[in-house]
Amino acid sequence: MTERLTPTDGSADMEAAELLTRVARGEAGAVRGCLQTFGPVVWSLARRFSQTQEDAEDAVQEVFTDVWRSAGRFDPSRATAHGFVAMIDRRRLIDRRRKRERRPVLVALPDGLEPADEAHERIERRIRAEQVVSALGRLKPQQKRWIELSLVHGMSHSEVAAETDTPLGTVKTGIRRGLAQVREWFAEDNESTDEVRDA
């Protein structure tokens, strides 16, 4: 059952029904009359259902678009023209409200929050650094000292030898073997980490 929203007499009902018939036939002149006749009803409901003026304006446009498309289905024996338009109006507005309620709420990200890719890369670098430090810690103290002087402090092999009072050949061999061992342990640690991630 469709309620009559606008009090009209018989002649007004007939004129409104004729407008819908003309709209269904595609008469351009009927559009303005349709807006004038049904506009107050459509606007009244749109403002009631909408949160903002802009939202109401968008809703009215959608409702009248539906009226143009549905005018051919209007049957004056089943409803008045105003009731027919009000029914379309309500359906469209209810659909818009449901979509609005399903729409996810967007929350502003806090300042300084870095993108996921950058955060992931930073974490990966930290993990690798910790793995290297752990591997270095497993070396013999003297070997670790030579590598730190060479890599961290930028000393040449000769300077490391002089600093630690160690033959140059021993320093070179110790650093080379120590780095090879660190790389091996580092690779093993990475394999273990990948297995945990894939598990």
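Reader: In which helix is Gly83 found, and is Gly83 buried or exposed?

Author: In this predicted model, Gly83 is found in helix H4. Burial is read from the relative accessible area, with values under 20% counting as buried. Gly83 has a relative accessible area of 1%, so it is buried.

Reader: How far apart are Gly83 and Phe38, in sequence and in space?

Author: The two positions are 45 residues apart in sequence, while their C-alpha atoms are 10.0 Å apart in space.

Reader: How many helices and strands does the protein chain have, and in what order do the elements run?

Author: The secondary structure comes to 8 helices and 0 strands. Read from the N terminus, the order is α-α-α-α-α-α-α-α.

Reader: What share of the protein chain is buried, and what share of the contacts with a separation of 6 or more joins residues 24 or more positions apart?

Author: Of the 199 residues in the protein chain, 32% are buried. Among contacts with a separation of 6 or more, 60% are between residues 24 or more positions apart.

Reader: How should the packing of two helices be read, and at what angle do H2 and H4 pack?

Author: The reading starts from the angle between the two axes, and angles under 35 degrees count as roughly parallel. H2 and H4 pack at about 25°, with their axes 10 Å apart. These two helices are therefore roughly parallel to each other. The crossing of H2 past H4 is right-handed.

Reader: Which residues make the contact of H2 with H4, and how do they divide by class?

Author: From H2, the contact involves Thr37, Phe38, Val41, Val42, Leu45, Ala46 and Phe49. From H4, the participants include Ala81, His82, Val85, Ala86, Asp89 and Arg90, and also Leu93, Ile94, Arg97 and Arg100. By class, this contact of H2 with H4 has 11 nonpolar, 2 polar and 4 charged residues.

Reader: At what angle do H2 and H3 pack, and which residues meet there?

Author: H2 and H3 pack at an angle of about 135°, and their axes are 10 Å apart. They are therefore oblique to each other, and their crossing is right-handed. On the H2 side, the residues are Val31, Cys34, Leu35, Phe38, Gly39, Val42, Trp43, Ala46 and Arg47. They meet Gln53, Ala56, Glu57, Ala59, Val60, Val63, Phe64, Val67 and Trp68 in H3. The contact of H2 with H3 has 14 nonpolar, 2 polar and 2 charged residues.

Reader: At what angle do H3 and H4 pack, and how do the residues of their contact divide?

Author: H3 (53-70) and helix H4 (residues 81-102) pack at about 130°, with their axes 9 Å apart. That angle makes H3 oblique to H4. H3 passes H4 in a right-handed crossing. In H3, the residues in contact are Asp55, Asp58, Ala59, Glu62, Val63, Asp66, Val67 and Ser70. Their partners in H4 are Phe84, Val85, Ile88, Asp89, Arg92, Leu93, Arg96 and Arg100. The residues of this contact of H3 with H4 comprise 7 nonpolar, 1 polar and 8 charged.

Reader: Where does Ser50 lie, and what does Ser50 touch?

Author: A loop residue can be read by its place, its accessibility and its contacts. Ser50 lies in the loop between helix H2 (29-49) and helix H3 (53-70). At 15% relative accessibility, Ser50 counts as buried. A polar atom of the Ser50 side chain lies 2.6 Å from the backbone oxygen of Ala46. Leaving out residues up to four places away in sequence, Ser50 touches Asp55, Ala56 and Ala59.

Reader: Where is Asp165 found, and what is its phi?

Author: Asp165 is found in the loop between helix H7 (157-164) and helix H8 (168-198). Its phi is near 55°, a positive value in a residue other than glycine. Because Asp165 has 72% relative accessibility, it counts as exposed.

Reader: In which helix is Lys144 found, and with which residues is Lys144 in contact?

Author: Lys144 is found in helix H6 (residues 141-152). With a relative accessible area of 29%, Lys144 is partly exposed. Apart from its neighbours within four places in sequence, Lys144 is in contact with Leu136, Gly137 and Leu139. The C-alpha atoms of Lys144 and Gly174 are separated by 9.1 Å, although the two residues are 30 residues apart along the chain.

Definitions and conventions:
Residues numbered from 1 in each chain as written. Predicted model: local features only at pLDDT ≥ 70, side-chain atom pairs only at ≥ 80, totals over all residues. Heavy atoms only, no water. Helix = DSSP H or I, 4+ residues; strand = E, 2+ residues; numbered from the N terminus. Buried < 20%, exposed > 50% of the residue type's maximum accessible area, 1.4 Å probe, protein only. Polar contact = N/O pair within 3.5 Å; in protein donor to acceptor, adjacent residues only side chain to side chain. Contact = heavy atoms within 4.5 Å. Axes fitted to C-alpha atoms, helices over the stretch in contact; angles between N-to-C directions. Parallel < 35°, antiparallel > 145°, perpendicular 65-115°, else oblique. Left-handed = near helix turned anticlockwise from the far one by under 90°. Nonpolar A, V, L, I, M, F, W, Y, C, P; charged D, E, K, R; others polar.
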